Amino acid sequence: MSIYMKSVSIERRITIWTAGLLSAFVLLGTAVAQKDEAEEPTATLNFLIIKDDNGKPVRNAAVIMHPVNSHGKQSRGGLELKTDAEGKSSFEGVPYGTLRVQVLASGFQTFGEDYEIDKAKVDFTIKLKRPQGQYSIYQDHPEEQKNEKKDDKTTPPPDPNAKPQ
């Protein structure tokens, strides 16, 4: 029975040693991850989305954020936030760098712009505009015709029946 007891204790020692080694790797991985987070500065972004015409908040607007690389290309992934009843939304932990912000809301033009995030706290106030009518060359534009008449000071074409001088 002594041989059996020795084999059990060896297996137990291997199990304890393996569990200890795995615990050390987990702790080491956690420490490295915390070190990386501490080295890279992050920002808190606060958004206020309002209507351009009257300044009232736009609720349930989608605020979409995409990191942009040094070549101006939008990176994969991203994050979407929704505004509350006061038109506000915020997010913490955004890494410094270029960020593409798009705002989509029903009944408004889509907003999009790139921003350089370089401070710990950045506040955005975005004014959404109502959709504009499309311009058509097939429709009459009376205001343009008025302007053309005012600016039209050209000489009339020569009379084809006139004799040369």
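**Exercise 1. Tyr-138 at the surface**

Task: In this predicted model, decide whether Tyr-138 is buried or exposed, and find which nonpolar patch includes Tyr-138.

Solution.
Step 1. Take the relative accessible area of Tyr-138, which is 75%.
Step 2. Compare this value with the cut-off: a residue counts as exposed over 50%. Tyr-138 is therefore exposed.
Step 3. Locate the residue in the chain. Tyr-138 lies in the loop between strand 7 (121-128) and helix 2 (142-151).
Step 4. Look for nonpolar partners at the surface. Tyr-135, Ile-137 and Tyr-138 make a nonpolar surface patch of about 470 Å².

**Exercise 2. The elements of the chain**

Task: State how many helices and strands the protein chain has, and in what order the elements run.

Solution.
Step 1. Count by type: there are two helices and seven strands.
Step 2. Read the elements from the N terminus on: α-β-β-β-β-β-β-β-α.
Step 3. Add the share of buried residues. Of the 165 residues in the protein chain, 19% are buried.

**Exercise 3. The sheet of three strands**

Task: For the open sheet of three strands, find which strands stand at the edges and how strand 1 pairs with strand 4 and with strand 7.

Solution.
Step 1. Write down the strand order, which is 4-1-7, with mixed pairing.
Step 2. Find the edges. Strand 4 (88-95) and strand 7 each have a single partner strand, so one side of each has no neighbour in the sheet.
Step 3. Note the turn between neighbours: on average 25°, with direction ignored.
Step 4. Recall the general rule: strands of a sheet pair through backbone hydrogen bonds, either parallel or antiparallel.
Step 5. Apply this to strand 1 and strand 4. They pair in the antiparallel sense over seven bridges. In one of the pairings, Thr-44 has Glu-92 of strand 4 as its bridge partner.
Step 6. Apply it to strand 1 and strand 7. These run parallel and are joined by eight bridges. Among the partners in strand 7 are Ile-126 for Ile-49 and Leu-128 for Lys-51.

**Exercise 4. The sheet of four strands**

Task: For the open sheet of four strands, give the strand order, the edge strands and the number of bridges that join strand 2 to strand 3.

Solution.
Step 1. The order is 3-2-5-6, and the pairing is antiparallel.
Step 2. The edge strands are strand 3 (79-82) and strand 6 (111-117), since each of them pairs on one side only.
Step 3. From one strand to the next, the twist averages 25°.
Step 4. Strand 2 (residues 62-68) runs antiparallel to strand 3, and four bridges join them. Across this pairing, Val-63 stands opposite Leu-81 in strand 3.

**Exercise 5. Salt bridges**

Task: Find how many salt bridges the whole structure has, and which residues form a salt bridge with closest N and O atoms 2.7 Å apart.

Solution.
Step 1. A search of the whole structure gives two salt bridges.
Step 2. Take the side chains of Glu-80 and Lys-82, which meet at 3.9 Å, N to O. The cut-off is within 4 Å, so this pair counts as a salt bridge.
Step 3. Check how open these residues are. Glu-80 is partly exposed at 48% relative accessible area, and Lys-82 is partly exposed at 46%.
Step 4. Turn to Arg-100 and Asp-114, whose closest N and O atoms are 2.7 Å apart in a salt bridge. This pair links distant parts of the chain: Arg-100 is in strand 5 (residues 97-104) and Asp-114 in strand 6, 14 residues apart.
Step 5. Asp-114 is partly exposed, with a relative accessible area of 35%.

**Exercise 6. Aromatic pairs**

Task: Find how many aromatic pairs the structure has, and explain why the pair of Phe-47 and Phe-124 is classed as it is.

Solution.
Step 1. The whole structure holds two aromatic pairs.
Step 2. The ring centres of Phe-47 and Phe-124 are 4.9 Å apart and the planes are at 10°, so this pair is stacked.
Step 3. The two residues come from distant parts of the chain: Phe-47 is in strand 1 (residues 42-51), Phe-124 is in strand 7, and 77 residues separate them.
Step 4. Both count as buried: Phe-47 has 3% relative accessibility and Phe-124 has 7%.
Step 5. The ring centres of Tyr-115 and Phe-124 are 4.7 Å apart and the planes are at 65°, so this pair is edge-to-face.
Step 6. Join the results: ring pairs link Phe-47, Tyr-115 and Phe-124 into a cluster.

How values were computed:
Residues numbered from 1 in each chain as written. Predicted model: local features only at pLDDT ≥ 70, side-chain atom pairs only at ≥ 80, totals over all residues. Heavy atoms only, no water. Pairing = 2+ DSSP bridges. Axes fitted to C-alpha atoms, helices over the stretch in contact; angles between N-to-C directions. Patch = residues over 30% accessible without salt bridge, like charges linked within 9 Å, V, L, I, M, F, W, Y side chains within 5 Å. Areas by Shrake-Rupley, 256 points an atom, 1.4 Å probe, with all protein chains shown as cover. Buried < 20%, exposed > 50% of the residue type's maximum accessible area, 1.4 Å probe, protein only. Phe/Tyr/Trp six-rings, centres within 6.5 Å; stacked < 30°, edge-to-face > 60°.
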